[in-house]
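Visitor: I'd like to know how the labels people put on a structure are earned. Could you walk me through this one?

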Amino acid sequence: MQRDLERKTAAGLLGNMFLPLTLAVIIVVCAFISPPFLTYENLKNVIIGSATFGILACGMTMVLVTGEVDLSVGSQVALTSVIVATLAPKSLALAVVTAVAATTVIGLVNGVLLTKTRMPSFVLTLGAMGVVRSMALVIANGQPVYGVPQSFTALTSSMVGKIPLVGVAMVVMYALTWFFLKYTSLGRSVYAVGSNSESARLSGIGAERVKIAVYAISGFLAGIAGLFYTSYVTLGLPDGGVDYETQAITAAIIGGTSFFGGEGEVHNTFLGLFIVGVVKNILNLVGVSPFVQPVAIGVLIIIAVILRTRKPE
C-alpha cells in the first residue's frame, strides 16, 4: 500500500514536471543545433512572436475546458486591427475601446447562440469565423488600412527592463486567467460544466451562463491580442490572423488541455505555447521551409495527445 502510494506520488510529480522538462530539453537541443538561438535578440523575437497566439490561447483554454471550441478568434484579431486602423486617426482611445468591445460582443453572441440553438460549437464558430472575416473585409473595403499612429505601433517595441512589454502583458493575462479559474466560483464552474454539464446543472450551476461568460471572455482576450497584432503589423489587415485559432488550440492541447472538456491548466498552456514557439523558431533558424513546418507542429500535437492519454491515473 505504502509502495503504491509512493509510486503514484512519484508518477504525479513526474507528470507535473513533464512540460517544463520537455521545454528545457528542447531549448538545450535547439542551442546545440543553432548557437544564435540563445542570443537575447532571438529570444526576444520568440516572446514577441508568441504573444498574440499566447493571449488567444488563454481564452481558448477556457473554452476547451467547457468542452467547446472557438474557431472565430483569428477573424476577431483581423477585425480588431481594421477597427483600430480606421478609428485611430480620429481618436486612439475610441479605436481601442470600440475594437475590444466589438470582439467581446462577438464572443457574447457566440455563447448565446451556442446555448440557445445547441449547435455544435465547431459548426457555429466556423460560421462566425466567416461572418467576422467578412465584417473586417467590408469595413476595410478589402484593402489594408493605414493610419495607426506611431505611438501605438511602439506598443510591441516597448520594453520593461529587458523584457518586451507585450511579453509582460501576456504573463499578466495568464496570471489573471489562472486566478480566475482557480479562485473564483465562476472559474471553478468552468471545470464542472466541462466535466459533466448535466451534473453541474443538478448541482445548481448554470451551464449556459458559464459558457456564455467564457465565450465573452474569449472574445475580450481576442480583442486584446488584436491590439498587439495591430501594433506589430502597424496597419489594419482584414486578411490577417489567418490560422491563429489553430495556433491557440495547438498551444492548449500541447499544454494538456482536453479537447473533450473538463481538463486543462492555463499555466500548462503557457508552457505549450513556448514549446511551439521555440520549435517554430529553430525551424526558421535552420532554414526549414514554412510549408514543411506544420508537419513538425502536427507531430508535436499527436505526441502530446498520446502521452496525455497514456499518463498514469
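**Labels and the values behind them**

Guide: Let's start in helix α2 (residues 40–65), where both K44 and E41 sit, three residues apart, or about one turn of the helix. Keep in mind that this is a predicted model.

Visitor: What makes K44 and E41 a salt bridge?

Guide: The closest N and O atoms of K44 and E41 are 3.5 Å apart. The rule asks for a Lys or Arg side-chain nitrogen within 4 Å of an Asp or Glu carboxyl oxygen, so a pair like that qualifies. By this rule the count comes to five salt bridges.

Visitor: Why is K44 called buried?

Guide: K44 has a relative accessible area of 17%, and buried means under 20%, so the label fits. E41 has a relative accessible area of 44%. That lies between the 20% and 50% cut-offs, so E41 is partly exposed.

Visitor: How do you know that E208 and K116 form a salt bridge?

Guide: Their side chains meet at 3.4 Å, N to O, and the limit is 4 Å. This pair links distant parts of the chain: E208 is in helix α10, K116 is in helix α4, and 92 residues separate them.

Visitor: Is K116 buried or exposed, and why?

Guide: K116 is at 57% relative accessibility, and exposed means over 50%, so K116 counts as exposed. E208, at 30%, counts as partly exposed. There is a network here too: salt bridges link K116, R118 and E208.

Visitor: Which helices hold E208 and K116, and why are α4 and α10 described as they are relative to each other?

Guide: E208 is in α10 and K116 in α4. The axes of α4 (residues 92–117) and α10 (residues 207–233) come within 7 Å and cross at roughly 150°. Angles over 145 degrees count as roughly antiparallel, and therefore α4 and α10 get that label. Their crossing is right-handed.

Visitor: Why quote both an angle and a distance?

Guide: Because two packed helices are described by the angle between their axes and the distance between the axes.

Visitor: What makes R201 and E198 a salt bridge?

Guide: The side chains of R201 and E198 meet at 2.5 Å, N to O, and the rule allows anything within 4 Å. They are three residues apart in helix α9 (residues 197–202), so about one helical turn separates them. R201 has a relative accessible area of 48% and E198 is at 41%. Exposed would need over 50%, so R201 is partly exposed, and E198 counts as partly exposed as well.

Visitor: Which residues make the nonpolar surface patch?

Guide: F18, F291, V292, V295, V299, I303 and L307 make a patch of about 680 Å². Helix α13 (residues 293–309) gives the largest share, four residues.

Visitor: What lets F18 into the patch, given its relative accessible area?

Guide: F18, in helix α1 (residues 2–33), has a relative accessible area of 40%. Patch residues need over 30%, so F18 clears that bar, and at 40% F18 is also partly exposed.

Visitor: Where is M135, and why is M135 called partly exposed?

Guide: M135 is in helix α5 (residues 121–140). Its relative accessible area is 36%, and partly exposed covers what falls between 20% and 50%, so M135 gets that label. The C-alpha atoms of M135 and P238 are separated by 8.6 Å, although the two are 103 residues apart along the chain.

Methods: Residues numbered from 1 in each chain as written. Predicted model: local features only at pLDDT ≥ 70, side-chain atom pairs only at ≥ 80, totals over all residues. Heavy atoms only, no water. Helix = DSSP H or I, 4+ residues; strand = E, 2+ residues; numbered from the N terminus. Buried < 20%, exposed > 50% of the residue type's maximum accessible area, 1.4 Å probe, protein only. Patch = residues over 30% accessible without salt bridge, like charges linked within 9 Å, V, L, I, M, F, W, Y side chains within 5 Å. Areas by Shrake-Rupley, 256 points an atom, 1.4 Å probe, with all protein chains shown as cover. Axes fitted to C-alpha atoms, helices over the stretch in contact; angles between N-to-C directions. Parallel < 35°, antiparallel > 145°, perpendicular 65-115°, else oblique. Left-handed = near helix turned anticlockwise from the far one by under 90°.
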